[in-house]
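Colleague: I am new to reading models like this one. Could you pick a single part and take me through it slowly, along with whatever it touches?

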Amino acid sequence: MTERRSAAILKAHRRRQALKTALVHGALILACAVCVYPLLRILAVSLRPGDRIISTDLSLIPQGATWVSYARVFAETNFLFWLWNSLVITVATSLVGVALASTAAYAFSRFKFPGQKLGLSFLLGTQMLPAGMLILPLFLMIMRLKLMNTYLGMVIAYSVSSLPFSIWILKGYFDTIPRSLEEAALVDGTSIFGAFYRIVLPLSTPALAIAFLFNFTQAWNEYLVARVILTDSFKYTWTLGLFDLQGQYLTQWGMFAAASLLVTIPVMAVFLYSSKWLLTGMTLGGVKG
Amino acid sequence: MLAPVLQVAQFALLIAGAVALLEGWLHYHFTRHEKSWFVPVGVLGTMALVLAGAAAAAGGSVEPSRILSLGTGTAIAEVLVALFFRHVVRGRHSLPIMLLAPAALGLGLLIAYPLVFEVYLAFHDLKLTTIMAWSRTGDLPFVGLKHFRKVFTSSPLSEVSFWQLLLRTVWWTFVNVFFHVAGGFVMALLLNSVTRFKGLYRMLLIVPWAMPQVVAVLAMRGEFHSQYGFINIMLVESGLGPVQWLGQHPFLTCTIINVWLGIPFMAVVILGGLQSISRHYYDAASIDGASAFQQFRMITLPLIKPVLAPAVTLGTVWTFNNINVIYLVTGQAGGTEDADILVSALYKAAFAFYRYSYSAAFALIVFLLLFTFSMVWLKWSKGSESLYD
Amino acid sequence: MASVTFASITKRFGNNEVLHDVSLQIADKEFLVLVGPSGCGKSTLLRMLAGLEETSEGEIRIGERLVNHLPPRDREIAMVFQDYALYPHMTVAENMGFGLRLKGFAGDEVDSRVLKAASILQIEPLLQRTPRQLSGGQRQRVAIGRAIVREPKVFLFDEPLSNLDAKLREEMRIEIAKLHQKLATTIIYVTHDQVEAMTLATRIAVVNAGRIQQVGTPTEVFGRPENMFVAGFIGSPTMNFIEGELRREDGGLRFRTEGVDIPVLGGTGGEAEGPTVLGVRPEAIAVERGGAGGDGVVAAEVEVVELLGYRKNVHLKVAGVKALASVSAAFGGEPGEKAGLRFDPAGVHLFEKATGRRIR
């Protein structure tokens, strides 16, 4: 019977399709596992009780799971200082970075002036500098200014590192705001600055937020510059503290894991939430450390 | 608990005040340069600012001779600046210049000046034994090209040579970028072919990218531990025996970790590109009889190139410049040199071996290499065009 | 309330001169429409008056005051933009009151003036909305309202209706006409749509290629176009042009070309004989079925007939060129037929072929 034959063909076809879908999902699940597993392991280690921190146990929720490592992070290390230091340095850096970037981006977006193309190329060119090349002279400058182990020294060292990206992303956003809005404001009675402060900046809140977030994550996660400028454990940012915790003894793994998780969760939440915008800005500006 | 808060408040005020003063100073110069009182007020104001700043920095008391020299110096500088504003900065370009000034000043002081300083360092001799004298007097002996020669003749660290580092850097960059792009493509194509759970998969897949790099690298490093790392546990379980990853194969370990770190970014970029390709091209191609592979080669690849080219350019530069992974994996005391690439050796030479001038010369050579490569690459791929758009 | 004077205005963008020595006088309370094809420089002229573009040469005055050097805020003007340019982060009321608040008006005064303008435009219910929540026509009203509350000396409209659909455009056109009557202020209005120009203006300035081609009342511009550009630009459907020779015979003027030999009204003489273009509006052509016969009748062939309801457009071939006649729907001609055309002498315009200028 042809009807039965065609039904069989269709059934086979459907089965093949289902198999294909299952394979794709299987591959994706495997990939996700590879991506997430180290994070889950940190969670597992952080929950291990003191006598079983070092073990070949692979279970995600270890036997006798406990929060003791978290308590020890706060009690036995300067973790709160580190967090606080990171927060202060990062917020100050981001504010300075966004303030400098917004006016510069506006100039690039709205005016024609000699050297404009060159300026944009220079911004892009700073991304080509070998990492570490600027750390040495910055370190020496900060040492001579007697700013070692200070917030100010860190902010100075960080403040322009994300500037090129911030300028690119803000310029991209300003470009999308119709000029007629500023013209209307001019006719309504503002100065050119007034048009910028009253119209363009309030309208750019999303882009300003993204630039701020980018500055924030860059400075928050930075390690190499901090290593050189901060030598006092009370002045450490959390990246330095964490590295030292992990480096010393295996017995501190539990604390290392707990501290890692504490700093990772909020940063990741913000990052996942903003990744879409960050990405557009990034391919636009071409920065990520 | 109160002390740090006060300290921070003070610090915040200092930062805000400095930025406000700078902006105010600039604003004055840009907006008032046509007025007759522009020069005298500018000179007096700037002198007052500088002297107040000097007094604050010195803790309240400044010697009269310092006041005199500082005051005259400032006054002369300010007159020059004022004349510059009056006669050069005017007309329709004054506004953009003013808007750019703060950022340009920052970039100049913290990028351009350090670069110049780096060149100065490379031709002089600053090392652990001369740094104390230098920080007192500011004088350094001139040594010409000595450090540049030494880069090629002696090891930047203790054993590995410049040429080994160069080769390893090229290999490191190539392998990493290759796997980033290949892995990114696989991930993106897989993601693009499903409809259910797509958002969830995407979110989980970018976890390595979203984690703070320090945490991600250190966590992965733990998994390579010879006894307690996941990988060796599995190897032992399956009877293959433990591998001394960190001790004997540090470069391989770093490469694996960096591939793991870098795939998500490429995957997301490529996915974005894939989603921007209209369904209609594939419909037309499949009616024309193109196989899946032919569709990938004839439609996907060419249409994704504008997205891929800049991402690959950036990925290459980032990988070339990646100190983080190698330093965090091998950088602790007594670490191996077998995984070092140019930039990580550069960092270690300066801050683990304290060879400042040497590493400055080293940095300039690396910079020239990267710069030449970038120029050639950008010319060849026209990647710069799509970076601008 | 004020007059506006453009005196010998030239505008260059780099080396590209877009306005050449333009002079124009606009009287107080006049509704002047600047009309022309896109890129002709009409918007640039308006933006220079607003202070949004620098003037390369020449003087601009509002009333007696020279304004070249003044920023827009000191010119006492208000402007309605093509894309409305409503501030997206402010409500309608805030949008309308923005200019007044900048000038330092008290809150009550701002509110009462915003309310008054809103009631004129019937947008009171919209005052607390944001521009995003408004339709195109409503945004248009708000943009106009924002201009009204300022009580400026001169209103500037830059293609305000071009983003609206046909029906709304007609509605708003009438609104603007009413507004001009109510406010009795000088209005300068830029458009590329000659229908808007004809219906709204007290005077029209036709602009092309950086020069003013003609200034006059709608009747003048339509009835006595100064040159072929104006003749072709104003009026819809557009004027037909036939090239030929002008000859003086027996004390009268005749227009001749292949298959055409008709008398035309001449002035008192002095018109140059020679190559001439005859322009005739579609409404001034009477079409008779059958061939040519009699003096002044032009032979033509019917190509296509379009029924528009109460009228018909007859596409013809005359002296080797295409022509269009607009006739009553009762016309029974079929494609392919021979026809005879009579031109209404009052609807015939003659232009010098070399310069395109009107022959008087």
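Modeller: Happily; what follows is a close look at chain A, and then at the chains on either side of the story.

One thing to keep in mind from the start is that this is a predicted model. Let's begin with how chain A is built. Its secondary structure consists of 13 helices and 0 strands. If you follow chain A from the N terminus, you therefore meet one helix after another, in the order α-α-α-α-α-α-α-α-α-α-α-α-α. Now, is chain A compact or spread out? The globule rule gives 19 Å for its 289 residues, but the radius of gyration of chain A is 26 Å, well over that value, so chain A is more spread out than a compact globule. You can also look at the box that its C-alpha atoms fill: along the principal axes, this is roughly 80 × 70 × 35 Å.

The domain assignment lets us divide the chain. In chain A, domain 1 covers 2-66 and domain 2 covers 74-285. The C-alpha centres of these two domains of chain A are 37 Å apart. They do touch, though: 7 residues of domain 1 of chain A are in contact with 8 residues of domain 2 of chain A. On the domain 1 side of that contact, 5 residues are nonpolar, 1 is polar and 1 is charged.

Next come the partners. Among the 2 pairs of chains that touch, A and B have the most contacts. How many residues take part on each side of that pair? The count is 76 residues of chain A and 76 residues of chain B. On the chain A side, helix α1 (residues 2-47) of chain A gives the largest share, 12 residues. By class, the side of chain A that touches chain B holds 56 nonpolar, 17 polar and 3 charged residues.

How far can you trust chain B? Its mean pLDDT is 83, and 93% of its residues reach 70 or more. The elements of chain B do vary: helix α7 (residues 162-193) of chain B has the highest mean pLDDT, 93, and helix α19 (residues 383-388) of chain B has the lowest, 45. Over residues 383-389 of chain B the pLDDT is below 50, and that stretch has 11 contacts in the model beyond near neighbours in sequence. Please be careful there: where pLDDT is low, the predicted coordinates should not be read in detail.

Chain A also meets chain C, in a contact that takes 13 residues from chain A and 18 residues from chain C. Which helices of chain A each supply at least two residues to this side? They are α8 (179-188) and α9 (192-203) of chain A. The largest share, 7 residues, is from α8(A). This side of chain A divides into 8 nonpolar, 3 polar and 2 charged residues. As for chains B and C, they do not touch each other, and their nearest C-alpha atoms are 10 Å apart.

Let's finish with a look inside this second partner. The domain assignment splits chain C into domain 1 (4-227) and domain 2 (240-352), and the centres of these domains of chain C, taken over C-alpha atoms, are 40 Å apart. While chain A has 0 strands, chain C has an open, antiparallel sheet of 5 strands in the order β15-β19-β16-β17-β18. Why do two of these strands have one side without a neighbour in the sheet? β15 (285-289) and β18 (321-328) of chain C stand at the edges with a single partner strand each, so one side of each is left without a neighbour. From one strand to the next, the twist averages 45°. Within this sheet, strand β17 (residues 311-318) of chain C pairs with β18(C) in the antiparallel sense over 8 bridges, and C:Val318 has C:Val321 in β18(C) as its bridge partner.

Another open sheet of chain C has 5 antiparallel strands in the order β13-β12-β11-β14-β20. Here the edge strands are β13 and β20 (348-352) of chain C, each pairing on one side only. A nice spot to find is the hairpin of β12(C) and β13(C): there are 2 residues between the strands, and C:Gly259 takes a positive phi near 80°.

Key. Residues numbered from 1 in each chain as written. Chains lettered and ligands numbered in written order. Predicted model: local features only at pLDDT ≥ 70, side-chain atom pairs only at ≥ 80, totals over all residues. pLDDT = per-residue confidence, 0-100. Helix = DSSP H or I, 4+ residues; strand = E, 2+ residues; numbered from the N terminus. Nonpolar A, V, L, I, M, F, W, Y, C, P; charged D, E, K, R; others polar. Domains from an automatic or database assignment. Pairing = 2+ DSSP bridges. Axes fitted to C-alpha atoms, helices over the stretch in contact; angles between N-to-C directions. Rg over C-alpha atoms; globule rule 2.2 N^0.38 Å.
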